[in-house]
Amino acid sequence: MIIIETQNAKETFQLGKRIGEKALAGQIYTLNGDLGVGKTVFTQGVASGLGIPEPVNSPTFTILQEYDGGRLPFYHFDVYRIGDIEEMEEIGYDDYFFGEGICLIEWAERIPELLPENRISVTIEKDPARDFDYRKITIEGLEEDQI
Ligand code: ADP
Ligand code: MG
C-alpha cells in the first residue's frame, strides 16, 4: 500500500501523470472517493501520461468514454449514475476490462461484483483537519517503481 499526500490539484494531476507514463497494457484502475475529491483530476493526469491529446472530462451521461490517441487505448468509466450492473453488460464492459488497454473506473465501489481481483485501487480522501486542498491518496496493487 502506498500513501501519497497532495496539497493541490496540480500535484494530484502530476501523480496521475507519472502513473499514466508507466501504465501497462491490461491494467484496471479503480477510483473511489467522495464527489469533488479529485478523481477526475487524477484521471486527467493518467490520460496526459498516456499521451492522450484530447481533453478528458467526466462522462456524466455516458458510462464510458474511449480515447485512442495515446500510447495505449484508454477507457474511462464513470459509474456514478449507474442504476443496474446490466448497464455495464449492455456496453460489453468485459471487452474493455479484459482487453489490452488501460481501464480507469470512477466510483468503482458502485460495481463491486464486476471488479476483477487483479486491479489497482486508488482512494482519495480529504481531511477536515487539514488544508481545504489537502488530499490523502491511497494506492493498492501498484509497486513503488510504477509511480
Ligand atoms: P471528482 O471526480 O472526485 O468528483 P473532480 O476531480 O471533478 O472530483 O474535482 C476535484 C476538485 O477539487 C477540482 O475543482 C480541483 O481543482 C479541486 N482540488 C483541490 N485540491 C485538490 C487536490 N489536492 N487534488 C485534486 N483536486 C483538488
Ligand atoms: Mg469525476
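This passage describes the overall fold of a predicted protein model and the surroundings of its ligand. Local features require pLDDT of at least 70 and side-chain atom pairs count only at pLDDT 80 or more, whereas totals for chains, interfaces and linings use all residues. Residues are numbered from 1 along each chain as written, chains are lettered from A and ligands numbered from 1 in written order, and side-chain values use heavy atoms, without hydrogens and water.

The protein contains four helices and seven strands, taken as DSSP runs (H or I, at least four residues, for helices; E, at least two, for strands). Along the sequence these elements are arranged as β-α-β-α-β-β-α-α-β-β-β. For 147 residues, the globule rule (2.2 Å times the number of residues to the power 0.38) predicts a radius of gyration near 15 Å, so the value of 14 Å found over the C-alpha atoms agrees with a compact globule. Those C-alpha atoms fill a box of roughly 40 × 30 × 30 Å along the principal axes.

Turning to the ligand, 15 residues surround ligand 1, and Thr12, Gly36, Lys39, Thr40 and Asp133 come nearest; a residue counts as near if one of its heavy atoms lies within 4 Å. Polar contacts are pairs of N or O atoms within 3.5 Å. Among them, the side chain of Thr12 places an N or O atom 2.6 Å from a ligand nitrogen, and a backbone N or O atom of Gly36 lies 2.7 Å from a ligand oxygen. A polar side-chain atom of Arg135 is 3.3 Å from an oxygen of ligand 1. Helix H1 (9–22) and helix H2 (39–49) each give two or more residues to the shell, with H2 giving the most, three residues.

Methods:
A polar contact is a pair of N or O atoms within 3.5 Å; within protein, one must be able to donate a hydrogen and the other to accept it, and residues adjacent in sequence count only if both atoms are side-chain atoms.
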